[in-house]
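Biologist: I'm new to this one, so could you walk me through it? Let's have it up on the screen.

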Amino acid sequence: MLQLRDISITFNEGTPDEKRALQSINLSLEKGDFVTIIGSNGAGKSTLMNVISGNLIPDVGEVAINTQSVTHLPEYKRAAYIGRVFQDPMAGTAPSMTIEENLAMAYARDKKRKLRPGVTAKRKALFKEYLQTLNLGLENRLTAKVGLLSGGERQALSLLMATFTEPNILLLDEHTAALDPSRAELITQLTYDIVEKFELTTLMVTHNMQQALDLGNRLFMMDKGQVIFDVRGEEKRALTIEKLLREFQLIRGEQFESDRAVLG
């Protein structure tokens, strides 16, 4: 479903601030893979997500989705294949528009553009049906401005908008990090339910090692622009935070530097 072949990208090349953000990344994900990605700040996690989404074009290498090369497709053209939820609950929605208007935009993401009403009676019924799965009562507030919702409600809506067209790839960029613990737990459970229901191929960046261990069938550890550890299946299920930290130390010969990743 997703292939990255020899992806490299350097920021500020030829200057004193030069940084190798990604170094010869080669990855292959099957349909339905749910990959959690951990690493300290500056490891290249968000850069990897931006390369997949089309927000950044790699210096070298190829990105393919469902065997089709999308390396040089801009972000807006990849939107038909990719859903993304960001860390900031404000980023994935239009606050001045209503819930149903936001959903109508997301619904049209993978469809040909035509001059027609964005919110029809049929679509309202569909939106209500999807919103009911969140158990937040949003199905009764279709005409409410999204800017009036709480952070957790907006993030739940963003998750729904990113997934209800069943994209080829779902990117989750620390999408629970800005929420309080109870809301983070809610969004984590919703994520698990939605990914499992639609069998979405998913990459989720997280600073929380326990969350990375609890979710998904595969785990990547990144450091200095490289994937240094790739574990899946039974081997992943047998991991603990202590084993994961020890693995990093064995590979890099130093301790993992982010306490936030451990404490979550």
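Modeller: Sure, and keep in mind that this is a predicted model. Let's start with helix H5, which is mostly covered: 12 of its 13 residues are buried.

Biologist: What covers the buried residues of H5?

Modeller: The buried residues include Gly152, Leu157 and Thr163. Buried here means under 20% relative accessible area. What lies over them includes strand S6 (82-85), H3, H4, S7 and H6.

Biologist: How far does H5 reach from its first C-alpha to its last?

Modeller: H5 has 13 residues. At 1.5 Å a residue, the expected figure is 18 Å. The reach in the model is close to that, at 18 Å.

Biologist: Which residues does Leu157 contact, leaving aside its neighbours within four places in sequence?

Modeller: Leu157 is among the residues with the most contacts inside the largest nonpolar core, which has 34 residues. H3, H4, H5 (151-163), strand S7 (169-173) and helix H6 (181-198) each supply at least two residues of that core. With near neighbours set aside, the contacts of Leu157 are Thr93, Ile99, Leu103, Leu131, Leu134, Val146 and Leu149.

Biologist: How many residues are in the other core?

Modeller: That other core lies apart from the one with Leu157. Among its members are Leu2, Ile7, Leu29 and Val51. Its residue count is 27.

Biologist: Are the rings of Tyr107 and Phe127 stacked or edge-to-face?

Modeller: The count of aromatic pairs comes to one. The ring centres of Tyr107 and Phe127 are 6.2 Å apart and their planes sit at 75°. Planes over 60 degrees apart meet the cut-off, so this pair is edge-to-face.

Biologist: Which helices hold Tyr107 and Phe127?

Modeller: Phe127 is buried, with a relative accessible area of 0%. The pair ties together parts that are 20 residues apart in sequence, because Tyr107 and Phe127 lie in H3 (residues 99-107) and H4 (residues 121-132).

Biologist: Which side chain makes a polar contact with the side chain of Ser53?

Modeller: Ser53 is in helix H1 (residues 45-53) and counts as buried at 4% relative accessibility. Beyond four places in sequence, Ser53 touches Glu75, Arg78, Ile82, Arg84 and Leu171. The polar contact, at 3.1 Å, is with the side chain of Arg84.

Biologist: Where is the pLDDT below 50?

Modeller: The chain averages a pLDDT of 86, and 91% of the residues score at least 70. One stretch falls below 50, though it has 11 contacts in the model beyond near neighbours in sequence. Where pLDDT is low, the predicted coordinates should not be read in detail. The stretch to treat that way is residues 259-264.

Conventions: Residues are numbered from 1 along each chain as its sequence is written. This is a predicted model: local features need pLDDT of at least 70, side-chain atom pairs count only at pLDDT 80 or more; totals for chains, interfaces and linings use all residues. Side-chain values use heavy atoms; hydrogens and water are left out. Helices (H or I, at least four residues) and strands (E, at least two) are DSSP runs, numbered from the N terminus. Buried means under 20% relative accessible area, exposed over 50%, partly exposed in between (1.4 Å probe, protein chains only). A polar contact is a pair of N or O atoms within 3.5 Å; within protein, one must be able to donate a hydrogen and the other to accept it, and residues adjacent in sequence count only if both atoms are side-chain atoms. Contact means heavy atoms within 4.5 Å. Rings of Phe, Tyr and Trp (its six-membered ring) pair if their centres lie within 6.5 Å; planes under 30 degrees apart count as stacked, over 60 as edge-to-face and the rest as tilted. A nonpolar core is a set of buried Ala, Val, Leu, Ile, Met, Phe, Trp, Tyr and Cys residues joined through side-chain atoms within 4.5 Å. pLDDT is the predictor's confidence in each residue, from 0 to 100. The expected span of a helix is 1.5 Å times one less than its number of residues.
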